[in-house]
Structures are given as structure tokens and as C-alpha cells.
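The exercises below are meant for someone who is meeting this structure for the first time. Each one sets a task and then works through a solution step by step.

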Amino acid sequence: MRTTVGIIGGGPAGLLLGRLLDNAGIDNVVLERRDRAYVEQRQRAGILEQQTADTLRAAGAGARMDREGLVHHGIELRFDRGAHRVDFPSLTGGRGVVVYAQTEVVKDLIALRLADGGPLCFDAEVRAVEGVTSDRPVIHYRHEAEDRTLTCDYVVGCDGFHGVAREAVPASVRTTYERDYPYSWLGILAQAAPVYDELIYAHSARGFALASVRSPTVSRLYLQVPNGTDPAAWPDERVWDELDARFALDDDPTWKLERGPVTAKAVLPMRSHVTEPMRHGRLFLAGDAAHIVPPTGAKGLNLAAADVTVLARALIHQRDTGSADLLDAYSDTCLRRVWRAEHFSYLMTTTLHTDPAHSPFDTRLQLAQLARLATSPHAAADLADNYTGLPLPR
Ligand code: FAD
Ligand code: DHB
């Protein structure tokens, strides 16, 4: 098989890139290792920055998001058993976020692709990429029990953190920056109406907790747990009791979550990771294939969307003008935004979680920082600016 852009991975990065290229009339093929049901059901992120929502709309993939997504204009910070709201529009000149699950973004993009887009092959596992510094790189993949090849002008690795594309950048030109965290998240999905209008990020002596939503009847909740925690050690009632304890308020002692059947439960490790550069020859890395953030602040999916938006523009520019300027600038353009998000995610994570190595002094510093966010419009504006997402470079 032959195509202009070979896309490895049918997660949000690969599917959105495919959509943007389809819309521009650039021939592309998406190869996805898993089956459709698996990709559509994988529970992950839930918050779309204004910029990401706008990109989906402009790509013709925003109709259901606009009908079913929930627009949020702020978040609540809970600490010292008190609640403090950060109002986004007044701090950012009108920006907000859309609560719309990654599963739904992926379903929408797959449906569009299958209806009127280029090829999308499920159960197609890429094994290797070769010739990325030649002008005809080749993707080797396995599909329907056969070894196959896809010859491309460009290859884009959208294959997530455990993919193969990153390995096609020789170790001699690749630099990796990493940080692990001494805690994980236990995430649940529950058939329970959220009793809160906006997401709650809670710092407590018992550890971090986050209350998010998926719909008016489905709650998404997270608890900080030690690394290596077995979800089986957390029966549903223990999870609900612990969430209530971490969200407890002194001036509203009756505040409790609405409980309901738990339909998913998993432990998610956390890490920060950046691979530089994000391009080698005709291979481009996008999304989790190039960078990971800890989830606090919900940047992962949004960074993936920003990367492929920048890349699609660069590929269209090359096709229309013959100039490779934007492709040459791709890695630097993305990395500026990536490092901003790395810093924001790191700061949100380390300010809100209880680190087992922390002294009481460190905890007082966290509380001082949270108090500053709650009382200073300058500090709150910085949080709101980063949370709602920075504009893409023109
Ligand atoms: P992915 O979504 O990982 O997609 C990569 C795709 O490539 C997958 O479909 C995979 O099957 C496919 N693939 C891999 N290898 C191959 C191969 N060899 N051949 C073909 N296909 C391949 N972010 C948040 O903001 N909030 C959250 O709560 C949150 N929770 C998360 C929970 C988990 C368990 C994980 C892993 C991530 C979470 N994230 C969260 C991050 C966010 O979901 C990711 O940043 C986002 O999925 C990135 O999209 P992507 O398309 O780059 O990568
Ligand atoms: C969600 C995940 C996050 O990491 C976050 O900061 C906010 C919301 C979510 O899954 O809804």
C-alpha cells in the first residue's frame, strides 16, 4: 500500500490528524493496533481546552460535543477543609473548558472517518518504521495474520507512550527528560449524579482527590493512592468513604457525594516525559508518543490535539507552497507548548498531592500556594490561563 501520510495509532492524536488531512484533501492511512470497541471504550481524559474544542468544531467533528458536552467556567479548589472557586472567564477574557470524554471524541472521529474519510485499519499492529531519513519511509505492520508494508511520504507516530515510532529516532539524536511521582490515581466511573457544578480539586492530609463528571448522571472520581496499589484492595464503599473524607468541608459538614454503581475502576501511574526532538527526517512524533504529563490539570489530550493541529497546518503548507519551513519548525513549535504544559501539570500535581517524603514544612508551603491561588487574582489568572489552554501559534 502507498499513501502520503502514514499515521501510526488511532487514538485522539492519530484520528484528529487523519480528519484534518482528510478535510484538506491529503491522502492518509491510519493504522491502529487494537480493535474499534477497545479504542472507543478506553477510559481516559475528560476536559477539552477551548482551543481543542474549537479545533474539533472547525474540523466538522464538534456537533455532538456541542450538544452533549458541558461547558465549565471554573473549578473549585478545596484545602484546609474549605472551598475556593477559580472563575475562568473573568480571569482569561472569556475562556472556559468543555467537559466531554476522550471516549466520545474518539467515537465521533471514528464515525466520521468511516463515513467519509481515508482508510482506518483496526487490528493493524505496526512492528517497525524504516527509512525515515530517505524520501520514501516504510511502515511494517501486521494485519489479518499477514506482514504488510505502507510506503509513505511522511510517517507520523501517534502511537502513545508504549508505541514503536519513538524507537525509530536513533538514540544518538534523541534526548529524554523524565520524572516519576511517588503516587498514582485510583479512578472510578459511577452511575451517580454529580452533586457539584464544577470540577473539585482537593488537597487533604489524607491525599489528593478529584471530582469530575461525564454527564448529568455519570461521575468520574479520582483518589491519590500509593504506587502499586491493587484496585481490588479498594471495594466500592471504601472508595466512596475515602472520597467523602477528602472532600470534607468544615462549614458544610453534611456535604457528601451522591453514590451509585461503580462501572469502572483502575489505577493510573503518573509520569512526566518529554522526547526531543519531535521530528527526525520524515518521521514526526505527536501526542503521548512524544510527551506525557501527570493527569492533574488535564493537559494530555489537549497537547496531543495541539501537536496534530500544528502538524496538519505544516503538511498543508508544504503541499500548497512547496515550502518545508513549517515542517522544519514543527518540533520547536510544539515543544514550547509542551514544556509550558509540563510545568503546569507538574505544579498542579506537586501542589495538590501528599508526598510521602514531605515534611510538615513542605505541606505548609503547599497550603500557602493554594491560599495564594484562592486570594490573589494574579495567581488565579495564571492557573486559569494555563487550565483553559494557551492559544496555538498563528
Ligand atoms: P493514545 O491515546 O495512547 O493513542 C495511541 C494509539 O496508538 C492507541 O490507540 C494504541 O492502541 C495505538 N498504538 C500503540 N502502539 C501501536 C502500534 N505499534 N501499532 C499501531 N497502533 C499502535 N489525560 C488527561 O488529561 N486526564 C486524564 O484523566 C487522563 N487519564 C489517562 C489515563 C490513562 C490510563 C492514560 C494512559 C492516559 C490518560 N490521560 C489523561 C492522557 C490522555 O488520555 C492522553 O494524553 C491521550 O490519550 C493522548 O492521545 P494519543 O493519541 O497521543 O495517544
Ligand atoms: C479529568 C481528568 C483530569 O486529569 C483532570 O485534571 C480533570 C478531569 C477527567 O477525567 O474528567
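**Exercise 1. Find which residues come nearest to ligand 1, and describe the shell around it.**

Begin with the neighbours, where a residue is near a molecule if its C-beta atom, placed from the backbone, lies within 6 Å of it. There are 31 residues around ligand 1, and those that come nearest are Gly9, Gly11, Gly160, Gly287 and Gly300. Next, look for the elements that give two or more residues to this shell, which are helix H1 (12-24), strand S9 (124-130) and helix H8 (300-321); helices (H or I, at least four residues) and strands (E, at least two) are DSSP runs, numbered from the N terminus. Finally, sort the shell by class, which gives 14 nonpolar, nine polar and eight charged residues. In this sorting Ala, Val, Leu, Ile, Met, Phe, Trp, Tyr, Cys and Pro count as nonpolar, Asp, Glu, Lys and Arg as charged, and the others, Gly among them, as polar.

The model is a predicted one, in which local features need pLDDT of at least 70 and side-chain atom pairs count only at pLDDT 80 or more, while totals for chains, interfaces and linings use all residues. Residues are numbered from 1 along each chain as its sequence is written, and chains are lettered from A and ligands numbered from 1 in the order in which they are written.

**Exercise 2. Work out where ligand 2 lies with respect to domain 1 and domain 2.**

First take the division of the chain into domain 1 (2-46 + 101-180 + 271-356) and domain 2 (184-268), with bounds that come from an automatic or database domain assignment. Then list the surroundings of ligand 2, which include Ala45, Gly46, Ile47, Leu199, Leu210, Ser212 and Arg220. Because domain 1 and domain 2 both give residues to this shell, ligand 2 lies between them. By class, the shell has six nonpolar, four polar and one charged residues.

**Exercise 3. Check whether the span of helix H6 agrees or disagrees with its number of residues, and say what covers its buried residues.**

The expected span of a helix is 1.5 Å times one less than its number of residues. For the 15 residues of H6 (residues 102-116) this should be 21 Å, and the end C-alpha atoms are 21 Å apart, which agrees. As a second step, identify the buried residues of H6, which are Val105, Val106, Asp108, Leu109 and Ile110; a residue is buried if 20 or more other C-beta atoms lie within 10 Å of its own, exposed if 12 or fewer, and partly exposed in between. Their cover includes H1, helix H2 (36-41), helix H3 (50-58), helix H4 (63-68) and strand S8 (120-121).

**Exercise 4. Describe the surroundings of alanine 314.**

Alanine 314 has its place in helix H8. With 22 other C-beta atoms within 10 Å, alanine 314 is buried. Leaving aside neighbours within four places in sequence, alanine 314 is in contact (C-beta atoms, placed from the backbone, within 7 Å) with Leu326, Leu327 and Tyr330. Alanine 314 and aspartate 325 are eleven residues apart in sequence, and their C-alpha atoms are 7.9 Å apart in space.

**Exercise 5. Say which residues of helix H11 are buried, and what phi glycine 389 takes just after H11.**

The buried residues of H11 (residues 377-388) are Ala380, Leu383, Ala384, Asn386, Tyr387 and Thr388. Just after H11, glycine 389 takes a positive phi of about 100 degrees.

Definitions and conventions: Contact = placed C-beta atoms within 7 Å.
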